[in-house]
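Colleague: Could you walk me through this one before I set anything up?

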Amino acid sequence: MTHIAPAIIVLGNNSIPVARKIISVLPEAQLYGLADRTSDVDVSFTEFGATLRELFANGTPIIGFCATGILIRTLAPLLANKRQEPPVLAVAEDGSAVVPLLGGLNGVNNLARQIASVLSVIPAITTTGDIRFGIALEDPPVGYRLSNPEYAKGFMSDLLAGHTMRLEGNAAWLRNSSLPIVQDAQRVIEVTEKAVFSTLNHLVYHPATVAIGITPLNSSFRGEGSELITLVQQMLTDAELAPAAVAGVFASISDTAEPGLEAIANYLNVPIRFFTRDAITQVMSQHQTADVAVGAALAASAGELIGQRQTANFSCAIAIAPLPIDINTTGTPRGRLAIIGTGPGRSDWMSPEVKEILRNATDFVGYSTYLDLVSAFTKGKHLHESDNREEIARAKVALDLAAQGRFVAVISSGDPGIYAMAAAVFEVLDKQAKPEWQGIEIQVAPGISAMQAAAAKMGAPLGHDFCVISLSDILKPWSIIEQRISAAAEADFVIAFYNPVSKQRTWQLAEAQNILLRHRSPDTPVVVARNLGREAESTIVCTLENLVPEHADMRTVILVGSSKTRMIQKRDGGIWVYTPRRYDN
Ligand code: SAH
């Protein structure tokens, strides 16, 4: 299971002092507090059940300050696969009890011990093997993989029934446990990088000590990963190494764009980490080699080189570290850039995908007003605020940060692809490309756009063909806007106007109204929606003739109906607006 920072869930401020003690030993943990009942938390939530289930489904370890029954009942519908469930623990508000509930195969007991120790209590661990031997065979510590998990349960039962075992190879966590280790026992636990045959009575753990260093030799090669996969497979087989002992694939940061790296890492199901050219050059000169692959393997392992081979397109080196390689402190991961849309404002209009990105990103880049929209997630993050007009500069900052291995979230309101940052990032990538941006993993995560929020408030004004026009003439000339409004009006589209007015641009909306009146009936329904999803939200409906441009501002979106758009009076005096999809004569 990949490493995900735990979420500590508190439902009231009373739990926070104990939660802070836990954070002192789990510094990356995020504190989740129920909105209105807690303050000074990392993430505030309103829906307990939905939040918990989302975290659980993502594999986030959960430490809940609440009754065990609440956690069990909330998560019960999701319990399906014990190998995949994250640790879930209940902690008493006063810190007097720590109860591991789920995630026995993913470290819940160790987490319970860690938390109990800082709270000076005894954890409520009930797993027999764990109590007797201080160890869970099925749940080795990070850096070790059990090659035959299906045998672990029977093996442990035998030991609990009084059988003894030998230990071959070394691992402190096994050596220092209370396992019944004797020299000439029949049963064996072996710790080895080698691909050995295991049986019911012979458990094998592979330590993550093998580093695979790779460098492409031919920058014009455009093959898929198969050549590299075959090369690595062959080298592992020749060295009799188990693929499960591979800790990661390692390369120079100048090779991030090489697609073969991703292919081999996916094939082995291990992470990729990059080293700076300097770090690799230093190791290369120490070991008197000219091969970057050797440099990367040795930089990762600080160990012994055991194989090196080249094809026409790649050089690959394998080295073995004396101890498991800690992937979190070795090199930097591939940089990520997520261009996300927060929706218009309300947090329940923000997608779970976007929330997940906001929780995990290391850096936020955006206009300060938009960073405010995600303030529930900004604690402990690096914030790079800028002026709203500096889109291109902001995109470059974001790409440069991601090229250093950071996980950058570029924040837009609404949808990031609609008059927002996504186009700016791609424009910079296209027109001002830097080689170090090539390997960045780029993702656009959509949000609800202002026009959708406005339409939903009023019924279904965008129910049939519509178009969207920005009235800002900062980036395009007014002549184009004018022509586009005319054409759209003539084509009888419903039109959503973004950026209708700003402090500097005061006349454009009135001008748009004049153009429209040349083509469309004066009583065409118009929706004027301000501050959607934010404080002082207002939505009014008027006719095209009665539209008062002064009622709009920078935070207003305007929907102008087509000739088919209709209004329906509600009994409470309100109005629905819709555009039918059917064209009856
Ligand atoms: N990406 C955004 C649009 C950014 S352009 C989106 O998809 O919604 C900025 C314009 O969007 C504003 O001038 C206004 O027309 C509209 N807008 C953004 N947020 C709004 C909100 N909360 N309420 C009404 N209009 C909004």
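Modeller: What follows goes through the domains, the ligand site and the internal space. Please keep in mind that this is a predicted model.

Colleague: Fine, so how is the chain divided?

Modeller: The domain assignment gives domain 1 (7-126), domain 2 (144-207), domain 3 (210-320), domain 4 (336-448) and domain 5 (451-578). Taken over C-alpha atoms, the centres of domain 1 and domain 3 are separated by 39 Å.

Colleague: And the ligand, which domains does it lie between, and why do you say so?

Modeller: It lies between domain 4 (336-448) and domain 5 (451-578), because both of these domains give residues to the shell around the ligand. As for open space, the ligand sits in the second largest pocket.

Colleague: Which residues come nearest to the ligand?

Modeller: There are 20 residues around the ligand, and of these D415, I418, S449, M554 and T556 come nearest. By character, the shell around the ligand divides into eleven nonpolar, six polar and three charged residues.

Colleague: What do the ligand's nitrogen and oxygen atoms have as backbone partners?

Modeller: On the nitrogen side, a polar backbone atom of I418 is 2.7 Å from a nitrogen atom of the ligand, and a polar backbone atom of L532 is 2.9 Å from a nitrogen atom of the ligand. On the oxygen side, a backbone N or O atom of M554 lies 2.5 Å from an oxygen atom of the ligand.

Colleague: How much of the ligand's accessible area does the protein cover?

Modeller: On its own the ligand has 550 Å² of accessible area, and the protein covers 94% of that.

Colleague: Changing topic, how many cavities of 30 Å³ or more are there?

Modeller: The structure holds one cavity of that size, and the volume of the largest cavity is about 60 Å³. Its lining has 13 residues, of which T256, R334, G335, A402 and A403 are the closest to the centre.

Colleague: What is that lining made of, and which domains does it draw on?

Modeller: The lining of the largest cavity divides into six nonpolar, five polar and two charged residues. At least three lining residues come from each of domain 3 (210-320) and domain 4 (336-448).

Terms used
Residues numbered from 1 in each chain as written. Predicted model: local features only at pLDDT ≥ 70, side-chain atom pairs only at ≥ 80, totals over all residues. Heavy atoms only, no water. Near = heavy atom within 4 Å. Polar contact = N/O pair within 3.5 Å; in protein donor to acceptor, adjacent residues only side chain to side chain. Areas by Shrake-Rupley, 256 points an atom, 1.4 Å probe, with all protein chains shown as cover. 1 Å grid on protein atoms, 1.4 Å probe; cavity = no way out; pocket = protein on both sides within 12 Å on 5 of 7 lines; lining within 4 Å. Sits in = over half its atoms within 2 Å of the grid points. Nonpolar A, V, L, I, M, F, W, Y, C, P; charged D, E, K, R; others polar. Domains from an automatic or database assignment. Points joined across faces, edges and corners; volume = space filled by probe spheres on them.
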